[in-house]
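Let us take a walk through a protein fold together, one piece at a time. Please have the viewer ready, with the backbone drawn as a cartoon and side chains available on demand.

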Amino acid sequence: MTQPFIELNNVQKIFKQNKTENTVLEDINLKIPEGQFVCLLGPSGCGKSTILNLLAGFEKPTLGEIYVDGQTISAPGIDRAVVFQQAQLFPWLTVKENIQFPLKQSKAEPKYIAEQTEYYLEKTGLKKFENHRIWQISGGMKQRVALARAWVMKPKILLMDEPFGALDAQTRILMQETLTQLWQDNKTTVLFVTHDIDESLLLADRIILMAGHPGRIAEDIQVNLPRARSIENIAPQQEFIETKKHILEIMRKEVSRMIDYIH
Ligand SMILES: Nc1ncnc2c1ncn2[C@@H]1O[C@H](COP(=O)(O)OP(=O)(O)OP(=O)(O)O)[C@@H](O)[C@H]1O
Ligand SMILES: [Mg+2]
């Protein structure tokens, strides 16, 4: 078998607060091939963001190993870009300057910077707003800038933590389309956290359904819906209906188990 691109082996994460220990992740085993679009889906608190933080190198596992492209992760790196729910941008810079920032930091050639910035301004529909300051643009446009700034560095992995969670429904659909197009052009490996089952079925090749207390993988679901997908063309399909029903059943069971745990 070829080596998986991302590999989590028996990962456990315990957070210590004062004298209490909170086992947030237990026995996480996951192998992801290069170029796959993976959604992490699961109830609040089941450790989705913690998995992304471990892959980003912001946190270290308590036990177990994490490999990306055969290397152990020890720190954040430009091979892994992170996009959060609230875009982390520089408000005093323009849209264009924000997108260029990481390329300038990495001392890329000016010609390359100019070409790549143009390409991603076009791809994300931001060309008309390139000279706007961040405080002058909407939340949806800020997320477009965050997307462009992540893709422009051509990371090996894109880690996205509910990137569209704070957007209105219409903007969200447009952002899902933009993201899908960027992914189809580049085939970067994506780990995308969401609470939205429809969104996961629209975007993912594979859904990792998580459960809580402690956080673990409840199910690993392949999504074989043909691409290009839109919510109106996938929603009537049998695979969509059955997978959504299956996910809802597991989630309902897990949420009532978590409520029992809390009380
Ligand atoms: N740095 C930290 N220190 C202590 N506890 C933490 C830390 N980060 C996360 N936790 C705890 O770990 C658990 C899982 O948190 P995490 O943020 O990974 O969940 P999540 O699945 O992303 O939830 P949500 O859907 O609400 O974003 C929670 O109980 C949280 O309080
Ligand atoms: Mg989270």
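The paragraphs below go from a sheet to a pair of helices, then to a lysine in a loop, and finally to some backbone angles. Keep in mind that this is a predicted model.

Let us begin with the sheet. In what order do the 4 strands of the open sheet run? The order is β2-β1-β4-β5, with antiparallel pairing. At the edges stand β2 and β5 (71–72), each of which has a single partner strand, so one side of each is left without a neighbour in the sheet. Inside this arrangement, β1 pairs with β4 (residues 63–68) in the antiparallel sense, over 5 bridges. If you would like a register mark for your display, I6 stands opposite V68 in β4. A helix also belongs in this view: α1 (residues 48–56) lies across β1, β2 and β4, and runs at about 110° to β1.

Now turn to helix α5, which covers residues 169–186. A quick length check is a friendly way to meet a helix. With 18 residues at 1.5 Å a residue, α5 should span 26 Å, and its end C-alpha atoms are indeed 26 Å apart, so the expectation and the model agree. What caps the N-terminal end of α5? The cap is D168, which places a side-chain oxygen 3.2 Å from the backbone nitrogen of Q170. Beyond the helix comes K187, a residue with a positive phi, near 50°.

Which residues of α5 are buried? They are T171, R172, M175, Q176, T178, L179, T180, L182 and W183. As you read along that list, it helps to recall that an α-helix has 3.6 residues a turn, so residues three or four places apart point the same way. The buried residues of α5 pack against β3 (37–41), α3 (110–123), α4 (139–151), β7 (157–161), β8 (189–194) and α6 (197–203).

One of those neighbours, α4, deserves a visit of its own. Two packed helices are described by the angle between their axes and the distance between the axes. For α4 and α5, the axes come within 11 Å and cross at roughly 10°. That angle makes α4 roughly parallel to α5, because angles under 35 degrees count as roughly parallel. To see the meeting in side chains, select G140, Q143, R144, L147 and W151 in α4; across from them in α5 are T171, L174, M175, T178, L179, L182, W183 and N186.

The same length check works for α4. Its 13 residues, at 1.5 Å each, should span 18 Å, and the end C-alpha atoms are 19 Å apart, which agrees. How many of the 13 residues of α4 are buried? The count is 11, so this helix is mostly covered, since buried means under 20% relative accessible area. Among the buried ones are M141, V145, A146, A148, R149 and A150. The elements that the buried residues of α4 pack against are β6 (80–83), α2 (95–105), α3, β7 and α5.

Moving on from α4, you reach K154, in the loop that connects α4 to β7. K154 is partly exposed, with a relative accessible area of 43%. Setting aside neighbours within four places in sequence, K154 is in contact with Y112, Q116 and Y120. With Y120, the side chain of K154 makes a polar contact of 3.3 Å. K154 and A81 offer another distance to check: these two are 73 residues apart in sequence, yet their C-alpha atoms are 8.7 Å apart in space.

Finally, let us look at the backbone angles. Most residues other than glycine have a negative phi, and most peptide bonds are trans. Where does N18 lie? Its place is in the loop between β1 (6–17) and β2 (20–32), and N18 has a positive phi of about 50° although it is not a glycine. N18 is exposed, with a relative accessible area of 84%. D27 also has a positive phi, of about 55°, but its place is in strand β2. At 53% relative accessibility, D27 counts as exposed.

Two cis peptide bonds complete the walk. From H213 to P214 the bond is cis, with omega near -10°, and P214 lies in the loop between β9 (206–211) and β10 (216–222). From R227 to A228 the bond is also cis, with omega near 0°. A228 sits in the loop between β10 and α7 (231–234).

Terms used
Residues numbered from 1 in each chain as written. Chains lettered and ligands numbered in written order. Predicted model: local features only at pLDDT ≥ 70, side-chain atom pairs only at ≥ 80, totals over all residues. Heavy atoms only, no water. Helix = DSSP H or I, 4+ residues; strand = E, 2+ residues; numbered from the N terminus. Buried < 20%, exposed > 50% of the residue type's maximum accessible area, 1.4 Å probe, protein only. Expected span 1.5 Å × (residues − 1). Contact = heavy atoms within 4.5 Å. Polar contact = N/O pair within 3.5 Å; in protein donor to acceptor, adjacent residues only side chain to side chain. Pairing = 2+ DSSP bridges. Axes fitted to C-alpha atoms, helices over the stretch in contact; angles between N-to-C directions. Parallel < 35°, antiparallel > 145°, perpendicular 65-115°, else oblique.
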